[in-house]
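Open the model in your viewer and keep the sequence panel beside it. We will start with the whole chain and then move in to a few charged side chains.

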Amino acid sequence: MEQDGEPLSARPALESEGLRFLHVTVGSLLATYGWYVVLCCALLYAVFQKLSARLRASRPSQLDAAAAEPDAVVKRQEALAAARLKMQEELNAQVERHKEKLRQLEEEKRRVKIEMWDSMQQGKSYRGSARRPQEEDSPGPSPSSGPPRQKPDRKPLRGGGYNPLSGEGGGACSWRPGRRGPSAGG
């Protein structure tokens, strides 16, 4: 076994020592964990085979379904396009309604400002006149025009003298700093 006319034993000492170290290390690992390595390789091979079989089974069915019934694919795409168009039309209608509401609100604000300006020019209070047209628009009883409701008297949750920063009145949970210095005298 000679390479390029040199004997095998003429390799450099470092190369043969590195090969010897690799041989000893790999050999000891295989001797210690050899069956575990073989078992892991077998499990990986089985898992790989199972997953590849599932992938192969699922791909042709998808491709065959698309290739076998092009009419169904076309119908599905047309239905999807029609649904998208319908949703877009609904959205456009909502946008138009919203724009109309905004225009009405702007017109109402402009009208109120004009009324306020006219009442100020006449020397009247502009607040009273701005509220009057709203009451005229809704002749029925409005919830804000009735007497204001008073909230029921409630008992406060804590006493009036409670201050969380004082450290008093907090109940059973109070924090105290630990003692300074070593715990055992010395």
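## A walk along the salt bridges

Before anything else, select Arg 110: with a relative accessibility of 44%, this residue counts as partly exposed. Keep in mind as you look that this is a predicted model.

**Step back to the whole protein.** Switch to a cartoon view. You should find three helices and zero strands, so the order of elements from the N terminus is α-α-α. Now turn on the surface. The accessible surface is about 18400 Å², and carbon and sulfur atoms account for 59% of that area. How much of the protein is buried? Of its 186 residues, 4% are buried.

**Select helix α2.** This helix covers residues 70-122. The structure as a whole holds four salt bridges, and the next stops visit some of them along this helix.

**First stop: Arg 110 and Glu 107.** Show both side chains as sticks. They meet in a salt bridge, with N and O 2.5 Å apart. Both residues sit in helix α2, three residues apart, which is about one turn of the helix. Glu 107 has a relative accessible area of 41%, and it is therefore partly exposed, falling between the 20% limit for buried and the 50% limit for exposed.

**Second stop: Arg 111 and Glu 108.** Add these two side chains. Here the salt bridge has an N to O distance of 2.3 Å. Because Arg 111 and Glu 108 are three residues apart in helix α2, about one helical turn separates them. Is Arg 111 buried, exposed or partly exposed? Its relative accessible area is 27%, so Arg 111 is partly exposed. Glu 108, at 31%, is partly exposed as well.

**Third stop: Glu 115.** Keep Arg 111 on screen and add Glu 115. Which residue does Glu 115 pair with? Its salt bridge partner is Arg 111, and the closest N and O atoms are 2.4 Å apart. Glu 115 and Arg 111 are four residues apart in helix α2, so they too are separated by about one helical turn. Glu 115 has a relative accessible area of 24% and is partly exposed.

**Last view: the network.** Select Glu 108, Arg 111 and Glu 115 together. These residues are linked in a network of salt bridges: Arg 111 bridges to Glu 108 and also to Glu 115. Colour the nitrogens and oxygens by element, and you can trace both contacts in one picture.

Methods
Residues numbered from 1 in each chain as written. Predicted model: local features only at pLDDT ≥ 70, side-chain atom pairs only at ≥ 80, totals over all residues. Heavy atoms only, no water. Salt bridge = Lys/Arg side-chain N within 4 Å of Asp/Glu carboxyl O. Helix = DSSP H or I, 4+ residues; strand = E, 2+ residues; numbered from the N terminus. Buried < 20%, exposed > 50% of the residue type's maximum accessible area, 1.4 Å probe, protein only. Areas by Shrake-Rupley, 256 points an atom, 1.4 Å probe, with all protein chains shown as cover.
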